[in-house]
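Me: I have a model open and would like a close look at one part of it. Could you take me through the last helix and what surrounds it?

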Amino acid sequence: MLWHTYPEELDALPLKTAYETLQGDPPSKIPFIVWLLENPESPLALPGCINLYGHDCLHLLLKQGFTSENEAYVVGFTMGNDVRTNRFHLLIFKIAAQVLYPQKYRLRPSDVSVFERGFEMGKRVSAKNLNQYSFDEWQYKALRDIRTEIGLEAAIV
């Protein structure tokens, strides 16, 4: 299912079960420019890059739906949580996401402030570089327990 508001009943589910309820775009549907900047397999990936599975797991852990605002928050969070991110990376991403990304993936002016809020929250979380974590290690742990383990409560808006 694709939801706009996070369904609270997912909190008790193991990550694997909650993930299986999602129906997002398959990797083959992700536009090249998005892949180029956000996928860890790209030679030009920006800090905060994460594979699609990990990105979707963060949607669940951050209690984010799949609106453009939710996407902005999750991407902002991953970039803010990556200790390598600097102002230059942010500038590149903001320009590309507002100008070069296809319409469906483009940051609207209202999404930029949500992206920045996610970025700040990602910086505040004590567990760093979550974009590099192996979410498979948590597949049988309840979402609420994972959040507690890595201190994500403060990042949930």
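Reply: Happy to; here is a walk along helix α7 and outward from there to the parts it meets.

Please keep in mind that this is a predicted model. Helix α7 covers residues 143-150. Which of its residues are buried? They are Leu143, Ile146, Arg147 and Ile150. Looking down the axis of α7, you will find these buried residues within an arc of 100°, so they line one face of the helix. The spacing is worth a thought: an α-helix has 3.6 residues a turn, so residues three or four places apart point the same way. What does the buried set pack against? Its partners are α1 and α3.

Glu149, also in this stretch, makes a salt bridge with Lys141, and their closest N and O atoms are 2.4 Å apart. Glu149 has a relative accessible area of 45%, so it counts as partly exposed. Lys141, at 31%, is partly exposed as well.

Arg147 deserves a second look. Besides being one of the buried residues of α7, Arg147 belongs to a network of salt bridges together with Glu8, Asp11 and Lys63. Within that network, Lys63 pairs with Glu8, with 3.0 Å between the closest N and O atoms. This pair ties together distant parts of the chain, 55 residues apart: Glu8 sits in the segment before α1 (15-20), and Lys63 in the loop between α3 (52-61) and α4 (68-81). Glu8 is partly exposed, since its relative accessible area is 47%. Lys63 has a backbone feature to check too: its phi is positive, about 55°, although it is not a glycine. In the whole model the count comes to 9 salt bridges.

Now step off the end of the helix. Gly151 follows α7 and has a positive phi, near 70°. Then comes Leu152, which, together with Phe93, has the most contacts inside the largest nonpolar core, a set of 42 residues. The elements giving two or more residues to this core are α1, α2 (32-38), α3, α4, α5, α6 and α7, and α4 gives the most, with 6 residues. As a general point, nonpolar side chains in soluble globular proteins tend to be buried together.

Which residues does Leu152 touch, leaving aside its neighbours within four places in sequence? They are Leu61, Leu62, Phe77, Val125, Leu130 and Arg147. Arg147 therefore turns up both in the contacts of Leu152 and in the salt-bridge network, if you want a residue to centre your view on.

One more stop is the loop between α6 (109-124) and α7, where Asn129 lies. Its phi is positive, near 55°, in a residue other than glycine. Is Asn129 buried or exposed? With a relative accessible area of 17%, Asn129 is buried, the cut-off for buried being under 20%.

For contrast, turn to helix α5 (residues 87-100), where Leu100 is found. Leu100 counts as exposed because its relative accessibility is 54%. Along with Leu91, Ile95 and Val99, Leu100 makes a nonpolar surface patch of about 390 Å².

To return to your helix, α7 has its buried residues along one face, and those residues pack against α1 and α3.

Definitions and conventions:
Residues are numbered from 1 along each chain as its sequence is written. This is a predicted model: local features need pLDDT of at least 70, side-chain atom pairs count only at pLDDT 80 or more; totals for chains, interfaces and linings use all residues. Side-chain values use heavy atoms; hydrogens and water are left out. Patches are made of residues with over 30% relative accessible area and no salt bridge: like charges are joined within 9 Å, nonpolar side chains (Val, Leu, Ile, Met, Phe, Trp, Tyr) within 5 Å. Accessible areas come from the Shrake-Rupley method with a 1.4 Å probe; for residues, only the protein chains shown count as cover. A salt bridge is a side-chain nitrogen of Lys or Arg within 4 Å of a carboxyl oxygen of Asp or Glu. Helices (H or I, at least four residues) and strands (E, at least two) are DSSP runs, numbered from the N terminus. Buried means under 20% relative accessible area, exposed over 50%, partly exposed in between (1.4 Å probe, protein chains only). The arc is that of the directions from the helix axis to the C-beta atoms. Contact means heavy atoms within 4.5 Å. A nonpolar core is a set of buried Ala, Val, Leu, Ile, Met, Phe, Trp, Tyr and Cys residues joined through side-chain atoms within 4.5 Å.
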